[in-house]
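Subject: Structure handover

Hello,

Please find the structure for your project below. My notes on what was found in it follow.

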Amino acid sequence: MEKLTIVKVGGAVVEDESQLSQLLANFSAIPGKKLLVHGGGRRATKVASELGIESKMINGRRITDAKMLEVVTMVYGGLVNKNLVARLQAHGVNALGLTGADIDVIRSHKRPVKDGIDYGFVGDVDRANGEMLNTLIQAGITPVIAPLTHDGQGNILNTNADTMASETAKALASYFDVTLIFAFEKAGVLQDPDDDTSVIPVINRDLYNQYVEKGIISGGMMPKIENALAAIEAGVKRVIITLSTAINGNSGTVIQA
């Protein structure tokens with residue numbers, strides 16, 4: 001089965017020019033077929049502030065009201081996405097920028113109110129269109145996917161980029177031997193958040209539960225690992241959480257079933 005590498009890059013890396021330049025160079029050098037999923041939350045927060053729109057977060061998750069939805073649509077689907085596409089073209093990568101609404105590639109539903117929390121126009125993914133993505137990839141196109149989806153009823157929804165990467169990898173696992181890499185500003189999942197050398201080499205479901213119980217893994221790292229485990233359990237061959245400048249698959253934290 002042909003190999004496909006999916007890289008998800010977070011907003012912190014997108015905002016750091018040196019890290020982003022290195023990541024794009026490394027991504028472009030990955031042999032064979034590839035796909036990029038990106039965040040952009042920090043840029044969205046900055047633009048919203050400049051427009052006088054307050055950013056509201058709960059447990060690291062953005063509350064997306066109507067005004068914030070306009071901001072994230074502009075920033076994620078426009079500013080960040082098209083800059084990445086243009087820079088990949090400069091590296092010889094024939095990239096195509098997409099949101100989940102484009103060619104119906106990722107559909108979701110509006111997250112219901114839970115425990116009194118209304119996240120607004122936030123989407124939880126129902127499915128990714130592996131057949132359509134495969135068609136693009138086989139045509140020599142590298143999709144670059146922004147963290148926006150649609151509900152099939154004409155509504156754009158702000159959607160977690162880690163989840164989109166995981167769902168995309170799952171949808172393509174029947175077409176390719178998929179490696180999914182979550183690239184961010186740390187060397188991997190850390191035993192001690194203040195010690196960048198304390199990378200946990202391997203995490204499976206049992207170890208993850210133990211680390212959560214002990215408080216070693218918490219906060220925003222939990223949904224990232226849950227998405228990684230879901231991908232492995234759905235047939236994705238390899239999942240790695242690693243530093244954005246080390247996406248060669250030889251370092252970081254390996255997620256196993």
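The protein exposes about 11,400 Å², and carbon and sulfur atoms supply 50% of that area. Please keep in mind that this is a predicted model.

Overall picture

The fold is made up of eight helices and 14 strands. Its radius of gyration is 17 Å, close to the 18 Å that the globule rule gives for 257 residues, so the protein is as compact as a globular protein of that length. The C-alpha trace spans about 45 × 40 × 35 Å along the principal axes. Of the 257 residues, 50% are buried. Contacts between residues at least 6 apart in sequence are mostly long-range: 70% of them join residues at least 24 apart.

As for charge, there are 25 positive and 28 negative side chains. The centres of these two sets lie 3 Å apart.

Salt bridges

The structure holds 14 salt bridges. Three of the pairs are described here.

Asp-177 pairs with Lys-3, with 3.6 Å between the closest N and O atoms. Asp-177 sits in strand E11 (residues 177-184) and Lys-3 in strand E1 (residues 3-9), so this salt bridge ties together parts that are 174 residues apart in sequence. The two partners differ in accessibility: Asp-177 counts as buried at 11% relative accessibility, whereas Lys-3 counts as exposed at 54%.

Asp-177 also meets the side chain of Arg-238 in a salt bridge, at 2.6 Å from N to O. This pair again links distant parts of the chain, with Arg-238 in strand E13 (residues 238-243) and Asp-177 in strand E11, 61 residues apart. Arg-238 is partly exposed, its relative accessible area being 33%. Through shared partners, salt bridges join Lys-3, Asp-177 and Arg-238 into one network.

The third pair is Arg-43 with Glu-15, whose closest N and O atoms are 2.9 Å apart. Arg-43 belongs to helix H3 (residues 41-50), while Glu-15 is in the loop between helix H1 (11-14) and helix H2 (17-29); the two residues are 28 positions apart and the pair links distant parts of the chain. Both ends are partly exposed, Arg-43 with a relative accessible area of 24% and Glu-15 with 31%.

Two buried residues

Thr-64 is in the loop between strand E4 (61-63) and helix H4 (66-90). Despite the loop position, Thr-64 counts as buried, at 0% relative accessibility. Leaving aside residues up to four places away in sequence, Thr-64 touches Leu-69, Val-72, Tyr-119, Gly-120, Phe-121, Val-122 and Asn-158.

Ile-203 is part of strand E12 (residues 202-203). Ile-203 also has 0% relative accessibility and counts as buried. With residues up to four places away in sequence again left out, the contacts of Ile-203 are Val-189, Tyr-208, Tyr-211, Ile-217, Ile-225, Thr-253, Val-254, Ile-255 and Gln-256. For orientation, the C-alpha atoms of Ile-203 and Val-125 are separated by 24 Å, and the two residues are 78 apart along the chain.

Backbone points to check

Most residues other than glycine have a negative phi. Two aspartates in this model are listed below with a positive value.

- Asp-104 has a phi of about 55° although it is not a glycine. Asp-104 lies in the loop between strand E5 (95-98) and strand E6 (106-110), and at 23% relative accessibility it counts as partly exposed.
- Asp-115 likewise has a positive phi of about 55°. Asp-115 is in the loop between E6 and strand E7 (123-128), and it is exposed, with a relative accessible area of 73%.

Regards

Methods. Residues numbered from 1 in each chain as written. Predicted model: local features only at pLDDT ≥ 70, side-chain atom pairs only at ≥ 80, totals over all residues. Heavy atoms only, no water. Salt bridge = Lys/Arg side-chain N within 4 Å of Asp/Glu carboxyl O. Helix = DSSP H or I, 4+ residues; strand = E, 2+ residues; numbered from the N terminus. Buried < 20%, exposed > 50% of the residue type's maximum accessible area, 1.4 Å probe, protein only. Rg over C-alpha atoms; globule rule 2.2 N^0.38 Å. Contact = heavy atoms within 4.5 Å. Areas by Shrake-Rupley, 256 points an atom, 1.4 Å probe, with all protein chains shown as cover. Lys, Arg positive; Asp, Glu negative; His and termini not counted. Charge placed at Lys NZ, Arg CZ, Asp CG, Glu CD.
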